[in-house]
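Okay, thanks for squeezing me in. Have a look at the model on the screen, and I'll talk you through one helix and its neighbours.

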Number of protein chains: 2
Amino acid sequence: MRVKGTRDFLPEEMILRQQVLEKIKSIFEVFGFQPLETPALESWEVLSAKGAGGEEILNETYNFEDKGGRKIGLRYDLTVPLARVVASNPNLNLPFKRYQIEKVWRYGDISKGRFREFLQADIDIVGSESMLADAEIIACAISVLNSLGFRQFFVRINNRKILEALIKYAGVENDKVMNVFRIIDKLEKIGIENVKKELKEMKISEDSIEKIIELIKIEGEPKTVLEKIEKIIKTEGIDELRQIISYLEKMKVEPKFKIDLSLARGLDYYTGPIFEVFAEKGIGSIAGGGRYDKMIGLFSGKDIPATGISFGIERIIEVMKERKMIKSKKSNVKVFIASVNEKVRDNVLEIVQLLRSNLISADYDLRSRSLSKQLEYANSLEIPNVIIVGEKELEKNCVKLRRMETGEEILLKLEDIAKFDFT
Amino acid sequence: MRVKGTRDFLPEEMILRQQVLEKIKSIFEVFGFQPLETPALESWEVLSAKGAGGEEILNETYNFEDKGGRKIGLRYDLTVPLARVVASNPNLNLPFKRYQIEKVWRYGDISKGRFREFLQADIDIVGSESMLADAEIIACAISVLNSLGFRQFFVRINNRKILEALIKYAGVENDKVMNVFRIIDKLEKIGIENVKKELKEMKISEDSIEKIIELIKIEGEPKTVLEKIEKIIKTEGIDELRQIISYLEKMKVEPKFKIDLSLARGLDYYTGPIFEVFAEKGIGSIAGGGRYDKMIGLFSGKDIPATGISFGIERIIEVMKERKMIKSKKSNVKVFIASVNEKVRDNVLEIVQLLRSNLISADYDLRSRSLSKQLEYANSLEIPNVIIVGEKELEKNCVKLRRMETGEEILLKLEDIAKFDFT
């Protein structure tokens, strides 16, 4: 009955997701990013604007006519809506640092485990052409992954300006550069031989292909790589990366970054530094972004520089679950109040009310069940504390508290309940 | 460029919304409700199921065919998806108490100030036929509004069983009862004369109309109203309300509720107690719900009792803003670190890093602006603290801290920055 490629998140899953998202959000805010939300529905005009997501993604975009005959669609990312927001709010304070954690929709191939409705988390800095902004984005991404408990990830950095210069240096004509970007971007997925094959199909000479492959393989310490390239080509892209690296060092960001000249990124709109975060082997990319100084101008008519990164939240959560980096629980309830029989139901309500008015999450039986059934229910929801209300104990103004994990039982005075530490 | 009836929420609005939603969520959790999320996309089969939302709402539902030719739509509420989830998860622990705070979509009349994409917050209890469950829902709703700072609201309670018995007692035939519900539901909106008119158009006799009007006008203390009705009709609905009221008293819920026999609720699926929360005059309904013991059975083939309420979040936020019940701010940033000139930029980065690693939200200049422009920016974002980094102070291992609200300036040692209380 559920739409293919969509999911329900039951409480156990939701509690886990909320934990991850809260952590991410808090780091975004520590770095000075402010929240933004935009509608799920965008006009087709915006989604299909030249220089926005591009043709490939539009093929996967849900779209339809509303009752007024206007063509609209469900957003496929959070960057295009940001560009629209900036363009239509000319009085925004710049730089505008915003985060957005919302769902996007793509009609992808579900046989490959892709979802059609999934969460993205983006941070972007609009209105700064300084490489400080790119360093901020990278530093924040690294901080987010550190705080989530990732250890062996690293950030690959490149610059479209460098890649473009290298490709041209290898003898490729101007009008084929973007296509070469797209083919190189697939290197991880399809392997070197297929990249060569696709380049050949593009009618790029054998000689050029060999040169490209050789150039993008240059490896080493960031500074060494930049020196090597500098001997081959001239572009401000080299100095841009040098600045980013120096800023990251000053920010005391652990050197979890390296220059990877084979990093291309698939989208058309990048104009400068690009970056992608990789977890250990087998997981691949978990976040990616870069600088796009021309996209907002497409909506506003006036170029405004921007840079940002998008986190693949679904993959991050998946990995964290697989590696048990996060503990889930079935319920957030701290105390279940059980009654030994019908006679004490009113006392149960009083205790529930007492706990709740002290903002302690409390629940009780709504089905007139036996004590053992109530305990079974509390146990199945992994509620850590059960207060058992019985007549005998009530006579002494007490209740029994059972710590479910240890089985330990404590006699608790009624007057002490509200102050008790149930954690 | 934005789709009609949709909104962007810029940081100032978002920070305010997040505050309200966090409060609501925390009270939901104190009452033992657990989070659930379902997809925005639902199959048309589910949305249009008999006994779900009904024809009127389907006329306002966005729908389209996906690329596989399946008819799907955007959910118009959170109750129908809940029914689907319960039906397709037969092993759920019952009672299932869930909350869901997500967007819904309706193609409504925007000239009446209606939005086409808006937030709802629902709590429901599935699997308890006890009136305790209904009392829980009402108590939680009252607690939510209290915690948000509402004071003069009240809950109107009625029971479909009572209303049905009264309508039949007035001489209306069985097959017209539901239509009479729908007409009475409009009483607030269209007034008594129009209700009479519409009832007449339904071919209900003058005599019956007079009787209905007279009966639904019965007012007074809850217990008195129930006694009065009991002399006229017999239905278990009377005892149900009596139980709810007695439970609410035991839960020490302030008597912010009254029995209103003219409350009908527009949706078909209610089967027992119904309730609606009204703020003071002029605002009208801000939450509404009731018991629907038959809806889940439509999906699962097996009746499972359920009751719940839906909060009109957009209206609640609107009212809270109008009445200044909530303070907004333009940014969550606690400290802006300004530099007097280019020479101290590295020191700025060090201080920023220090604050952030201590989880203090910090920001700084990304545009190489003059000190006065930096202060202007910090001021326009209402950032409460500005650290001014100057060479003179640095020589003494100090920086200047300006409290923006008072203008007070403090000399702060570098080693004390991380421990300082910036709130």
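**Helix α6 and its surroundings**

So, in α6(A), the buried residues are Arg160(A), Lys161(A), Ile162(A), Leu163(A), Glu164(A), Ala165(A), Leu166(A) and Ile167(A). Buried here means 20 or more other C-beta atoms within 10 Å of the residue's own, with C-beta atoms placed from the backbone. That's eight of the 10 residues in helix α6 (160–169) of chain A, a mostly covered helix. Helices are DSSP runs of H or I with at least four residues, strands are E runs with at least two, and both are numbered from the N terminus.

Quick caveat: this is a predicted model, with local features needing pLDDT of at least 70 and side-chain atom pairs 80 or more, while totals for chains, interfaces and linings use all residues. Residues count from 1 along each chain as its sequence is written, and chains are lettered from A and ligands numbered from 1 in the order written.

What do the buried residues of α6(A) pack against? In chain A, they pack against β7 (154–159), α7 (177–185), α9 (206–216), α10 (222–230), α11 (236–250) and β9 (273–278). Contact means C-beta atoms, placed from the backbone, within 7 Å. Just after α6(A), Gly171(A) has a positive phi of about 100°.

Over in chain B, the axes of α6 (160–169) and α11 (236–250) come within 7 Å and cross at roughly 145°. Those axes are lines fitted to C-alpha atoms over the stretch in contact, with angles from 0 to 180 degrees between N-to-C directions. Lys161(B), Ile162(B) and Ala165(B) of α6(B) meet Glu236(B), Gly237(B) and Ile238(B) of α11(B).

Conventions:
Two residues are in contact if their C-beta atoms, placed from the backbone, lie within 7 Å. A residue is buried if 20 or more other C-beta atoms lie within 10 Å of its own, exposed if 12 or fewer, and partly exposed in between; C-beta atoms are placed from the backbone.
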